[in-house]
Amino acid sequence: MQQPAGVSLEQVWKIYDNGQVAVADVTFEAAEGEFLVLLGPSGCGKTTLLRLVAGLERVSRGLIRIGGQVVNEVPPRDRDIAMVFQNYALYPHMTVYENMAFGLKLRRVPKAEIDRRVRAAARVLELEHLLDRRPHQLSGGQRQRVAVGRAIVREPRVFLFDEPLSNLDARLRVEMRAELARLHRELGRTMLYVTHDQVEAMTLGQRIVVLNQGRIQQIGTPLEVYHRPANRFVAGFIGSPPMNFIEGRLEHRDGLWFVGEGGLVQVALPAAGWPYVRVGQAVTLGVRPEAVTIATPEQAMMQGTVATVEVLGAVANLHVRVGSLTVVAQVEATVRPEPEQLVSLRIDPARVHLFDAETGQALP
Ligand code: ATP
């Protein structure tokens with residue numbers, strides 16, 4: 001196999017004929033052999049980005065490079081990439097072997113070489129015993145593996161995946177996730193992987209590009225985007241249940257305080273944590289449910305009544321009404337209160353995020 005190739009986008013725009021700006025000023029680079037995930041909600045431009053890299057769409061402005069070469073004018077078949085789609089149509093009348101071999105046959109790859117590549121891919125994907133079956137004789141997960149196999153036999157320098165697991169049931173998705181991670185380790189190829197599923201992004205990506213409305217919101221490792229979200233969008237999009245947001249102001253008392261929801265929420269902030277903020281500044285406080293705990297009334301930073309309790313096994317999500325807000329706390333299921341009970345809640349001040357109330361940018 002050849003060396004993997006890096007992929008880079010430089011100030012790339014895609015404006016469709018109807019004026020829709022699908023991709024706006026996007027710059028990022030996937031290193032050689034990197035597993036890079038493009039993550040964002042429906043309509044954020046992820047698929048368009050992948051199609052631009054594949055050459056299925058033309059860029060309106062900007063440069064795309066594969067292996068250092070500008071490919072803007074290079075047709076898809078010469079880009080040395082393979083794409084796996086969400087709707088991978090296998091040919092129903094062909095066997096697994098024939099499905100995997102078909103693309104190579106079209107390219108007039110010699111028979112012996114086709115055979116070598118199909119058998120190598122089948123070994124990696126554990127499809128060897130299924131090579132004579134037809135698609136209808138396979139499970140959903142096996143069919144998906146054949147679709148991946150069709151991409152592997154091309155021995156491309158770059159793999160593009162467009163939500164390849166979204167048609168599988170939850171259990172199979174978990175299985176295939178592990179499979180794809182292993183495949184990446186074994187093949188060492190560059191992989192660009194599009195998904196709207198943050199769990200998939202967190203578990204598969206070496207780095208994640210978070211997109212919204214065609215623009216990059218943040219690029220970072222899974223832990224970076226989780227622990228240090230660049231803005232309110234990223235903070236709210238990554239993490240489940242989502243981060244709580246509380247509007248308020250910073251006040252000076254014996255130190256720096258956050259006061260929100262008409263005084264119902266009061267948090268003493270760590271003095272060293274926020275060197276650049278102003279007293280009086282309007283901010284949004286963000287705190288993940290796992291950093292909200294049940295406290296004694298003396299320790300309370302807010303109080304409210306329990307609206308609903310979702311027990312998830314070891315933990316439970318409490319939805320607590322605090323004024324007009326609903327705050328979610330993730331607590332151990334053994335200590336959970338009942339609906340309508342009054343509870344005192346504490347926020348771990350070390351795990352608070354502050355965002356500018358107007359721009360939504362994280363405050364340093
Ligand atoms: P999803 O997860 O729903 O597939 P996505 O993040 O992949 O969404 P895209 O499919 O890239 O998003 O679409 C980005 C934006 O561009 C959307 O607003 C979409 O409606 C628009 N769009 C996509 N394809 C075209 C097209 N051929 N012509 C005009 N607008 C388009």
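User: Welcome me in gently: which residue just after helix 2 takes a positive phi?

Analyst: Happy to! This is a predicted model, where local features need pLDDT of at least 70, side-chain atom pairs count only at pLDDT 80 or more, and totals for chains, interfaces and linings use all residues. Residues are numbered from 1 along each chain as its sequence is written. Helices (DSSP runs of H or I, at least four residues) and strands (runs of E, at least two) are numbered from the N terminus. Just after helix 2, the residue with a positive phi, of about 60 degrees, is R108.

User: How do helix 2 and helix 4 lie relative to each other: roughly parallel or roughly antiparallel?

Analyst: Their axes, lines fitted to C-alpha atoms over the stretch in contact, are 8 Å apart. The packing angle is about 30 degrees, on a scale from 0 to 180 degrees between N-to-C directions. Angles under 35 degrees count as roughly parallel and those over 145 as roughly antiparallel, so helix 2 and helix 4 are roughly parallel.

User: Which strands stand at the edges of the open sheet of five strands?

Analyst: The strand order is 15-19-16-17-18, with antiparallel pairing; two strands pair if DSSP finds at least two bridges between them. Each edge strand has a single partner, so one side of each is left without a neighbour in the sheet. These are strand 15 (292-295) and strand 18 (325-332).

User: Lovely! What is the bridge partner of V322 in strand 18?

Analyst: Strand 17 covers residues 315-322. Eight bridges join strand 17 to strand 18, and the two run antiparallel. In strand 18, the partner of V322 is L325.

Note on methods: Angles under 35 degrees count as roughly parallel, over 145 as roughly antiparallel, 65 to 115 as roughly perpendicular and the rest as oblique.
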